[in-house]
Amino acid sequence: MADFSFLPTLSTSDVERAAQLIQLGYGPSTSTTTPDDLKRLQQELFDMQRRPEAWGLVIPLLSHEDQNVQFFGAHTAQVKVARDWDTFPQDHAEQLRDLLVQLTAHSVAIGRGTFILRKLFVALSSLAIKLVPGRPTRWPDWILACVKAFSEKGGSADRIHQFLVIVAEEVSGTDLLGPNKLQMHQSLKDAVPMVVQAITSSITQPRGVVPVSQIQAALQCLQAWMSIFPASDLTPFITILIALLDPSEDNETVFVAASEALQEIMSKSSLSDGAATKSLTEPLLLWVDAIGSKVVASTLQKSDVDEISHSLCKLFAALGDHSALYLAANISSQAPVFGEKTKGYLVQTFLRLIMSYTGLQGYYGIDEEESELTLAFWYLFQEALWSADYFEQEDDTDGSVPPPSKDPVQVEMAKAVYIELVQILRRKVAFPPPPTGWTKDQVEKFNVYRRDVGDTLINAFYVIRDDMLSYYINDIAQQLNTEPQSWQNIEASLHCIMSIQEAVDLEKAPQLARMFSQDVLGRLPTTGHNRLRRTALSVIGAYSTWFTTYTKTAGTADSTLLLNVLNYVVTALTDQALCLQAAVALRNLCDTNRKALAPHIAAFGQLHDGLERIPDSEKSKVLQSIASVIQAVPPSEMASPVEAIVSPVVQKLVSALQTASTVPDEARAMVILQLEILSGISKGLTRTTEGLYTEDDDDPETQAEVAKIKNVREDPRMQRLRDDIFASIRRIVDIWSVDAEISHALSDLFKSITSLPSDITLISLPAGPLLELICVAAQKQLTATWLSLSAILIAQLNPPSYSLYVRTTPLKDAELVVANVLPVLLQCGLNALAVPGAMEANPDIVQEFFSCMDRVAQDFTKAFYALPPGLLDALMQCAISSLSLQERYSLVAASNFMSNLIHRSSLTPELNNHKMALLASHGRSITRAILRGFAGVAPRSVVPNLIEMLGTLMNRSSGVDGGPNIVAQWMQEILFSDDFVPSKAGPDTKEKFIKAVMASRSLKKTREAAQQFALVARGLEGSSFGYASVVAM
């Protein structure tokens, strides 16, 4: 036994107490032990483990007869090495190394449990990470030394393989940089020949010579070392592994292990990403043809997927992922591979077999679990086909129609494969006839599978294009002509059509005219068959923009098709099971086809008359649909229909408000519903715009349209309507402003009923009065909702200009509004956040408060300098305090506010004196908060924002006494003050940081200096964790 006298010793009573704690805390529970008792026992044990003397627990605990106690002894060894190494006497490091190797070898030899050995293996690896790096190394050839020690004690090959697995995992995941990391990884490379020999000797023996567990352990070792082995050492294993793929019943365990090893080779080794086609892809394809095909045939014959077949499916998926480019390039190749078997033959065989798993009989999640595993391959294969030289993608850039030509044979074969795939997938997504007897979880799992299939169908569409849409529509028509109709298959085809919508060029999809005609859509049931009708409605909603393009491309103004579809949708609105999909479809149709539907506005009056039959939950969408159509009629004709749909809503609001004191719950529910409806109407009345950036403000047509709408807004009916809406909102705020649901409904309404000047509607309300209402609500209870709304409305008071040459300036009226509301919002925010712990407890309020202040700083900078005395100082102090918060978004919002306030104040000469006074009062405090943040007070993720603030201070400090030099002086005083936050940064680091910042002439140099200082101050210099944080910045 190695000398262990260097370890601290504990009294017998301490050791017995530790063993007792382990047995009580982790042994079989008793009825007398409460959760609090367990927590107390475990805490006492952890406290004992933290003591320096706990090194002395390792040997006595490992020698205990109880396995739980032995495990904790091994665990203590691992924890002390990993966590307390810095306190261990380094002159005893080699003795500890020898002792730990001997203890582990002894534990291996006497057959301790795997869970105990694993802890000891991890402890050895952790110790190696401490001892191997350095010149000279304190543990040369450590892996070989450990393996030799285990073998000399009679350790089995299984245990040696398990040790090697731990070694690869622990060393690969270690947090080292530079020479230390290179030296540690070199120790792995030095052991490669030994590891290769150990694995090979275990997996090349004739069957029955070595235990199956040894082969499993060897293959797990191979997987762990796969990323370490060079290709030259890995390639010879491929032939051995393929030979182990014997699908005999008594070889299931080895087959699965060999299959998993091959999957890892193809995905995570130096042979991944399509490498080694001659030594990996083609040998596997030959095996697939000779043996794998028999497994598939047996699976299809028995309609049962056993463990071998399941593993084979995963192997197919891995091979497809690895060799997609090879498969695409050689789909019709006549080049021989072995004998008469060509590349094309092997590729086609593979595609046929993986297709068999995609199309397994039965329903996914109920009868089989394998079909989903193959879906990703069809995406990769489509991408590979597009990369092949023979496959030309469609190019419509010149708008010309290319002359008809015959596709290359490879393209024809690829299309044939994907045509078969879409037919199979249509079958696979069909529900069984009701009743299914499925549980809710099974239905949900099948629906997820259907969505995944939908993604695969998009890839198929890119290969076969219009033929796919035609196939599904023809299939539906054929099913409708077959008695009895298979409604499940029809629904499946509709689902497939809906799934590919995003890939379909709607200007080149005339087949949809048949889909939405009376021959197809007109023959679908209008009662019962809820799933089918839901899917049909979803298809209509998804393809709503097609009707606009069809009218343009067909050169006809006939809206019969659109009206027929609309009628189908409206029929379903009153059905509780379908109303959601119907309302969404109606909203989409009306929104995208406003002009086409405007001549039929009278029909929507009839829809409005039947509104009471539609469920409350969808009334908002229906009225939004009607409002969308109203928006497309000439402005002079808008007033009456707008009054017709808005007045009843306002009347119900007024009625609910009148009963608020007598039946508060009913009144509240009615108010929420009517607010949602009013929001929907406001959205519908807002015109649609194409593109993200427009110049609509300067467009003569738009200006003329806006002028007409403004003229109609003067109609007494519209004025009265807006007054009534505002009065109702004001009353709601008075009664329910602290109600979360009503606040949310009001927020949605405020966003939709206010607008930029070019988007004004007949019922749009000005932002100013609504801001004043928000102030009323905020004074009762400040919430993130009110603050977020305030920022939006303040932005609307200074609408953006789409000109690159003209910078907008706020109007006097807008400045007056902000001057009135800013002190109120500011005081509300300061009062709320002044409560101890409020900032930490309400990060959403902190974030939105400073986001709102930031909005004011950007659009109405002068407003801050017109605040009552002391209020701006209080705001700055609050913002500076926020820089020590641990919630990232709050800190970022505060940082952005201060940066923008200083920056914007510098852009306006008249504010320069105010900026100088601001920096004179708060510049040093801001600098101190920034430096404390660098040193570790703030989260690492916000260091870039703090750097931006430091750059702003440096760049905008001109005019302050000392200019940028004053910032350097502040940094010098703060960094070297006695009360500066403790950090790993010494005087030299601090001095170097200050000089670098002062010498920098760009934010880039400042950023580099600050990043380096932050790494050193936080103790992250030289670690991969710290390096990753710098890269993220």
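# Backbone geometry, helix packing and domains in a predicted model

Proline 136 sits in the loop between α6 (114-131) and α7 (142-152). The model described here is predicted. The peptide bond that leads from arginine 135 into proline 136 is cis, with omega near 0°. A cis bond also joins glutamate 483 to proline 484, where omega is about -10°. Proline 484 lies in the loop between α20 and α21.

Most peptide bonds are trans, and most residues other than glycine have a negative phi. Against that background, two residues with positive phi can be listed beside the two cis bonds. Arginine 465 is not a glycine, yet its phi is positive, at about 55°. Histidine 529, likewise a residue other than glycine, has a positive phi near 45°. In terms of solvent contact, histidine 529 is partly exposed, its relative accessible area being 39%.

| Site | Feature and angle | Loop |
|---|---|---|
| Arginine 135 to proline 136 | cis, omega near 0° | between α6 (114-131) and α7 (142-152) |
| Glutamate 483 to proline 484 | cis, omega about -10° | proline 484 between α20 and α21 |
| Arginine 465 | positive phi, about 55° | between α19 and α20 |
| Histidine 529 | positive phi, near 45° | between α22 (511-515) and α23 (530-542) |

## Helix α18 and its neighbours

Helix α18 covers residues 409-428, 20 residues in number. From its first C-alpha to its last, α18 reaches 29 Å, which is close to the 28 Å expected at 1.5 Å a residue. The buried residues of α18 include Val411, Ala414, Val417, Tyr418, Leu421, Val422, Ile424 and Leu425. Arg426 and Lys428, which carry charged side-chain names in this list, are buried as well. Which helices do the buried residues of α18 pack against? The partners are α16 (343-358), α17 (375-387), α19 (440-464), α20 (466-480) and α21 (487-499). Two of these partners, α19 and α20, flank the loop that holds arginine 465, and α20 and α21 flank the loop that holds proline 484.

## Asparagine 330

Asparagine 330 occupies the loop between α15 (324-329) and β1 (336-338). With a relative accessible area of 10%, asparagine 330 is buried. A polar atom of its side chain lies 2.9 Å from the backbone oxygen of tyrosine 326. Leaving aside residues up to four places away in sequence, asparagine 330 touches Lys343, Gly344 and Val347.

## Cysteines

How many disulfides does a search of the whole structure find? The search finds 0. Cysteine 775 is in no disulfide, and the nearest cysteine sulfur, that of cysteine 828, is 7.0 Å away. Seen from the other side, cysteine 828 is in no disulfide either, and its nearest cysteine sulfur is that of cysteine 775, at 7.0 Å. The cut-off for a disulfide is a pair of cysteine sulfur atoms within 2.5 Å, so the 7.0 Å separation of this pair does not qualify. Both residues are buried: cysteine 775 has 5% relative accessibility, and cysteine 828 has a relative accessible area of 11%.

## Domains and annotation

An unreviewed UniProt entry places the feature "domain: Exportin-1/Importin-beta-like" at residues 115-258. Over residues 115-258, the chain is 73% helix and 0% strand. The end C-alpha atoms of that stretch are 24 Å apart. Separately, the domain assignment of the protein gives domain 1 (230-390 + 407-464) and domain 2 (634-689 + 699-765). Taken over C-alpha atoms, the centres of domain 1 and domain 2 are separated by 57 Å.

Note on methods:
Residues numbered from 1 in each chain as written. Predicted model: local features only at pLDDT ≥ 70, side-chain atom pairs only at ≥ 80, totals over all residues. Heavy atoms only, no water. Helix = DSSP H or I, 4+ residues; strand = E, 2+ residues; numbered from the N terminus. Expected span 1.5 Å × (residues − 1). Buried < 20%, exposed > 50% of the residue type's maximum accessible area, 1.4 Å probe, protein only. Contact = heavy atoms within 4.5 Å. UniProt positions renumbered as here; feature names shortened; annotations may be inferred. Polar contact = N/O pair within 3.5 Å; in protein donor to acceptor, adjacent residues only side chain to side chain. Domains from an automatic or database assignment.
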